[in-house]
Amino acid sequence: MSATNILQGRYELISQLGQGGMGTVYMARDLRLHNRPCVVKKLRDDFYREEDRKKAVAFFEREAGVLSQLSHPNIVHILDYFEEGNGYFLVMEYVEGRDLNNVLHERAEPFAEQQVLNWTNQICEVLEYLHDHDPPVIYRDLKPSNIMLDVKGRVKLVDFGIARPWEENADNTHVVSAGYSPPEQYWGAADVRSDIYALGATMHFLLTGCDPVALHASFPRSVYPDISAHVDEVVARATDQDPSSRYQSAGEMKEALVPPTVVLPPVERRRFGGEIVAGAALLAVACLALFLFSRFDAALKAGQEGGRQPGQEDAEKAQLKEKLNAYSRALDAHNRAIMEWREQTSGKKDAPVAAGRAGIAAQAADEAQLTDPDGLPAAADAEKSPI
Ligand SMILES: Nc1ncnc2c1ncn2[C@@H]1O[C@H](COP(=O)(O)OP(=O)(O)OP(=O)(O)O)[C@@H](O)[C@H]1O
Ligand SMILES: [Mg+2]
């Protein structure tokens with residue numbers, strides 16, 4: 001690295017992000033692309049033996065070579081690879097977030113089952129992509145510190161240091177991560193099922209916070225009994241020591257992540273169905289009875305309200321009689337006034353006026369009897385009118 005911390009006149013190293021077995025990872029910015037954030041991984045250069053150094057350089061070059069062929073939203077993008085001074089550097093996309101090992105240690109408690117299933121599902125999809133690649137790529141180093149969790153909740157694989165295209169009968173290098181590598185990787189025979197094992201071991205760590213025991217199947221439920229039997233089975237099967245007893249592909253493991261739905265036996269279902277029908281019929285009968293009763297009750301009340309109260313008829317008759325009396329009294333008054341007017345035909349000027357008043361009073365009494373619900377006051381007034 002140059003004294004100014006600027007590589008290739010372009011990548012400025014800012015701070016250290018991580019330190020792993022293969023090298024040091026720096027946060028950097030790309031001066032040529034408007035200071036865009038990026039990550040620079042520098043291969044370690046403290047090898048004791050020249051042979052080891054050569055091997056590490058070969059791995060590092062292969063990491064760059066494998067990454068350059070891949071393009072997947074859950075795999076970090078490679079941007080550049082170069083040698084400068086005595087060092088080897090790889091430049092890649094900056095994943096804003098933390099690796100799952102750090103996240104778990106910081107929160108100091110394991111993750112919820114649903115959360116782990118979600119991430120496992122995403123990783124199964126990346127593994128499907130890698131294993132279906134031509135030629136297939138075996139990741140070989142799946143573990144929590146190589147899985148970044150970005151700010152959108154998406155997981156991304158970094159560190160393709162020991163990933164390699166799969167070659168039959170190839171003399172693979174025995175690179176392992178204790179607890180996460182399957183037995184076959186110890187003698188260099190990794191295949192797609194080796195990544196399945198590492199994924200199962202990763203699930204165990206995320207669900208329990210405990211590192212998986214090397215060269216043993218994992219059972220997270222033995223650590224936390226409230227973990228579901230289904231998830232426990234998935235982890236146990238993925239970490240089976242025998243590759244042929246594991247899920248044979250990432251696709252198969254992905255399907256197994258979906259919890260089985262509970263199916264009732266047919267006899268139980270029929271009995272249950274019969275109970276529903278009987279219950280519905282009973283309810284219908286009860287509703288009908290309630291409806292008929294309410295109709296009957298309403299009719300009864302209406303009858304009572306519409307019927308006459310005892311004594312009410314007599315009162316009405318008396319009222320009518322009183323109205324007729326008032327009317328005839330008004331008529332008498334009218335006749336008397338006419339008679340008086342005839343007797344006084346002496347020609348007094350106001351006599352017709354008095355007769356007119358008596359007529360109006362009689363008419364008013366008549367109208368009152370027909371229009372006024374009470375009727376009586378109008379008739380009484382007519383009687384008292386100045387006739
Ligand atoms: N592209 C990236 N964006 C953000 N952080 C990263 C990125 N790549 C790596 N890191 C961080 O740096 C750490 C080390 O990176 P990496 O795993 O590539 O190095 P390594 O030397 O191969 O590590 P190890 O040998 O322990 O697996 C990661 O665990 C992660 O926290
Ligand atoms: Mg790593």
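These exercises work through a ligand site, a helix pair and two backbone features in a predicted model.

**Exercise 1.** Find where ligand 1 lies relative to domain 1 and domain 2.

*Solution.*
- Step 1. Start with the residues around ligand 1. There are 21 of them, and G18, G20, G21, V95 and D159 come nearest.
- Step 2. Assign strands. β2 (11–19), β3 (23–30), β4 (36–43) and β6 (87–93) each supply at least two residues of the shell.
- Step 3. Sort by class. The shell holds 10 nonpolar, seven polar and four charged residues.
- Step 4. Check the domains. Domain 1 (3–93) and domain 2 (97–256) both give residues to the shell, so ligand 1 lies between them.

**Exercise 2.** Describe how helix α3 (residues 113–131) and helix α5 (residues 192–208) pack.

*Solution.*
- Step 1. Choose the descriptors. Two packed helices are described by the angle and the distance between their axes.
- Step 2. Read off both values. The axes of α3 and α5 come within 11 Å and cross at roughly 165°.
- Step 3. Classify the angle. Angles over 145 degrees count as roughly antiparallel. Therefore α3 and α5 are roughly antiparallel to each other.
- Step 4. Add the handedness. The crossing of α3 past α5 is right-handed.
- Step 5. List the contact. α3 contributes E113, V116, T120, I123, L127 and H131; α5 contributes V192, D195, L199, M203, L206 and L207.
- Step 6. Class these residues. Eight are nonpolar, two polar and two charged.

**Exercise 3.** Locate P135 and Q8, and describe the backbone at each.

*Solution.*
- Step 1. Take P135. This residue sits in the loop between α3 and β8 (137–138). The peptide bond from D134 to P135 is cis, with omega near -5°.
- Step 2. Take Q8. Its place is the loop between β1 (6–7) and β2. Phi of Q8 is near 55°, a positive value in a residue other than glycine.

Conventions. Residues numbered from 1 in each chain as written. Chains lettered and ligands numbered in written order. Predicted model: local features only at pLDDT ≥ 70, side-chain atom pairs only at ≥ 80, totals over all residues. Near = placed C-beta within 6 Å. Helix = DSSP H or I, 4+ residues; strand = E, 2+ residues; numbered from the N terminus. Nonpolar A, V, L, I, M, F, W, Y, C, P; charged D, E, K, R; others polar. Domains from an automatic or database assignment. Axes fitted to C-alpha atoms, helices over the stretch in contact; angles between N-to-C directions. Parallel < 35°, antiparallel > 145°, perpendicular 65-115°, else oblique. Left-handed = near helix turned anticlockwise from the far one by under 90°. Contact = placed C-beta atoms within 7 Å.
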